[in-house]
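Reader: I have this model open on my screen and would like to walk through parts of it with you. Could you take my questions as they come?

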Amino acid sequence: MGTFQIEGGHKLKGEITPQGAKNEALQILCAVLLTPEKVIIENIPDILDVNKLIKILENLGVKIQKLGKGKFAFTADEINLEYLESELFKQEGSSLRGSIMIVGPLLARFGKGYIPRPGGDKIGRRRLDTHFEGFINLGAKFRYNKEERFYGVEAPKGLKGAYMLLDQASVTGTANIVMAAVLAKGTTTIYNAACEPYLQQLCKMLNSMGANISGVGSNLLIIEGVKSLGGCKHRILPDMIEIGSWIGLAAMTRSEITIKNVSWENLGLIPETFRKLGIKLNKKGDDIHIPSQKEYEIQGYIDGSILTVADAPWPGFTPDLLSIVLVVCTQAKGSVLIHQKMFESRLFFVDKLIDMGAKIILCDPHRATVIGHNFQSNLKATTMVSPDIRAGISLLIAALSAQGTSTIHNIEQIDRGYENIDERLRAIGAKITRTEP
Ligand SMILES: CC(=O)N[C@H]1[C@@H](OP(=O)(O)OP(=O)(O)OC[C@H]2O[C@@H](n3ccc(=O)[nH]c3=O)[C@H](O)[C@@H]2O)O[C@H](CO)[C@@H](O)[C@@H]1O
Ligand SMILES: C=C(OP(=O)(O)O)C(=O)O
């Protein structure tokens, strides 16, 4: 386990450029399996989860050429399906969440797709029913090996378009079903589809490869199947969760930070949610400028009652930023209720913040009340272990604002989703050092 040592209490200053979006990259990379032609992708983040998925593609036989920083060409013209039955695939496929999205494209193009139970954050139950019910609706046969936790779908005669109402607006589930349906025979209608910007990006990419998807950006997608797809060039959006993390970092350390090229039109409720916490955000072209603030005051509702920040499927507020919002509130003026509706085990990290002196009541696994210190009292440095990617970055932000030197273990969790984070933070003045395992 790698470790960060963080000397807190210093103001930061400067510009930071968000990496390409992790969760978009995972979808887009799987889509290269849909065509034998060359697909060029730009702005791929250099992070653990993405690199693991690239390795899986390589082992599947995809030819990969590095063209520059974050820019790769992928050619899936000779796929080695035997890898799917290997021990190596069982290990590699289960090491991240995003690997689940190779199933849709493989099923569509080769009539079979397998996956071991995928990994990702341990943040509560993470079921895959939506994915497999979607494939079954398209005519695939499903089997599950309970012992080995290995999922399989097969459709030797090809997939057939269908109408489906998803049981939940699952992000990776929608992406997987869309990637299967683009090569199915006839029309597929997906209602209650997830519609976040990364899914819109996937649909735009597929359309540029020759797919016929309409309703992009809504929760009703209509897909006219086509016989084959061709190559394309695609650029990944900036990572909105990283952008939200840097907003939280600026507020907690009372720093002036400019976040460059954020793609404002794709940030949804993120800027407004941080503004409700009293954080000033200025739109400067496509940048976000956050001035140094002595304090930020949480706004209540019109009737004076306490603000709730809760997650919801897009265009609601993303669950991946709630841990960051929570940590930011520990130094706000006022009180807030954080309601993590989607995941059951994502708020347990607050125990560490309580150890550091934060005023938090964990009401139940989904809800925590935070009473801000308004910087009247600093968080105290401590030693902690990063439990998941977003709790990890939240603890890192807490450590940067705390008095004294903190240690964070298991930083691989942070590296899963944040590119070169220590170097980028040092560039804006953070005192952070990394010890490799
Ligand atoms: C690799 C990747 O892209 N991961 C993201 C993806 O995970 P992933 O696609 O795995 O998450 P899902 O969208 O399937 O579901 C997330 C959770 O929300 C629940 N749920 C979902 C939809 C809904 O309408 N109601 C509901 O309760 C699910 O039961 C589950 O517990 O989307 C999540 C939700 O934005 C993000 O946290 C993850 O970072
Ligand atoms: C939950 C997350 O990731 P994953 O779905 O890859 O575990 C996340 O990015 O916050």
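Author: Let me begin with a term we will need: a polar contact is a pair of N or O atoms within 3.5 Å. Please also keep in mind that this is a predicted model. With that cut-off, an oxygen atom of ligand 2 and an N or O atom in the side chain of R390, 2.7 Å apart, make a polar contact.

Reader: Which other side chains have a polar atom at 2.8 Å from an oxygen atom of ligand 2?

Author: R126 has a polar side-chain atom 2.8 Å from an oxygen atom of ligand 2, and for R416 the distance from an N or O atom of the side chain to an oxygen atom of that ligand is 2.8 Å.

Reader: And which residues come nearest to ligand 2?

Author: There are 13 residues around ligand 2, and those that come nearest are K22, D121, R126, R390 and R416.

Reader: What does UniProt say about D121?

Author: The UniProt record, an unreviewed entry, places the feature "active site" at D121. In the model, D121 sits in the loop between strand 6 and helix 5.

Reader: Is D121 buried or exposed?

Author: D121 has a relative accessible area of 6%, and because buried means under 20%, D121 counts as buried.

Reader: What does D121 touch, if I ignore residues up to four places away in sequence?

Author: With those left out, D121 touches R126, R346, D388, I389, Q413 and R416. Of these contacts, R126 and R416 are also among the residues that come nearest to ligand 2.

Reader: Let's move to the other ligand. Which residues come nearest to ligand 1?

Author: Ligand 1 has 15 residues around it, and R97, Q168, S170, T172 and D320 come nearest. A polar side-chain atom of R97 lies 2.8 Å from an oxygen atom of ligand 1, while for a polar side-chain atom of N23 the distance to an oxygen atom of the ligand is 3.0 Å.

Reader: Where does the backbone come in around ligand 1, for instance at A169?

Author: At A169 a backbone N or O atom lies 3.2 Å from an oxygen atom of ligand 1.

Reader: Back to strand 6, then. What kind of sheet does strand 6 belong to?

Author: Strand 6 belongs to an open sheet of three strands, in the order 6-8-7, with antiparallel pairing. Strand 6 (112-116) and strand 7 (141-145) are the edge strands, each pairing on one side only. Neighbouring strands of this sheet are turned by 10° against each other on average, with direction ignored.

Reader: How many bridges join strand 6 and strand 8?

Author: Five bridges join strand 6 to strand 8 (residues 150-154), in the antiparallel sense, and Y114 stands opposite G152 in strand 8.

Reader: Which helices pack against these strands?

Author: Helix 4 (residues 103-110) lies across strand 6 and strand 8, running at about 155° to strand 6. Helix 5 (residues 129-137) also packs on the sheet, where it touches strand 6, strand 7 and strand 8, and its direction makes about 20° with that of strand 8.

Reader: Why would you call helix 4 largely enclosed?

Author: Helix 4 is largely enclosed by the rest of the structure because six of its eight residues are buried, namely V103, G104, P105, L106, L107 and A108. The cover over these buried residues includes helix 1 (22-31), strand 6, helix 5, strand 8 and helix 6 (171-181).

Reader: What follows helix 4?

Author: G111 follows helix 4, and its phi is positive, near 80°.

Reader: A different spot now: where is N410, and what does its side chain meet?

Author: N410 lies in the loop between strand 22 (405-409) and helix 13 (412-415). A polar atom of the N410 side chain is 3.0 Å from the backbone oxygen of S386. Leaving out residues up to four places away in sequence, N410 touches M1, G2, V385 and S386, and at 18% relative accessibility N410 counts as buried.

Reader: And K431: buried, partly exposed or exposed?

Author: K431, which has its place in strand 23 (residues 431-435), counts as partly exposed at 43% relative accessibility. Apart from neighbours within four places in sequence, K431 is in contact with Q5, I6, E7 and H10.

Notes:
Residues numbered from 1 in each chain as written. Chains lettered and ligands numbered in written order. Predicted model: local features only at pLDDT ≥ 70, side-chain atom pairs only at ≥ 80, totals over all residues. Heavy atoms only, no water. Pairing = 2+ DSSP bridges. Helix = DSSP H or I, 4+ residues; strand = E, 2+ residues; numbered from the N terminus. Axes fitted to C-alpha atoms, helices over the stretch in contact; angles between N-to-C directions. Contact = heavy atoms within 4.5 Å. UniProt positions renumbered as here; feature names shortened; annotations may be inferred. Buried < 20%, exposed > 50% of the residue type's maximum accessible area, 1.4 Å probe, protein only. Near = heavy atom within 4 Å. Polar contact = N/O pair within 3.5 Å; in protein donor to acceptor, adjacent residues only side chain to side chain.
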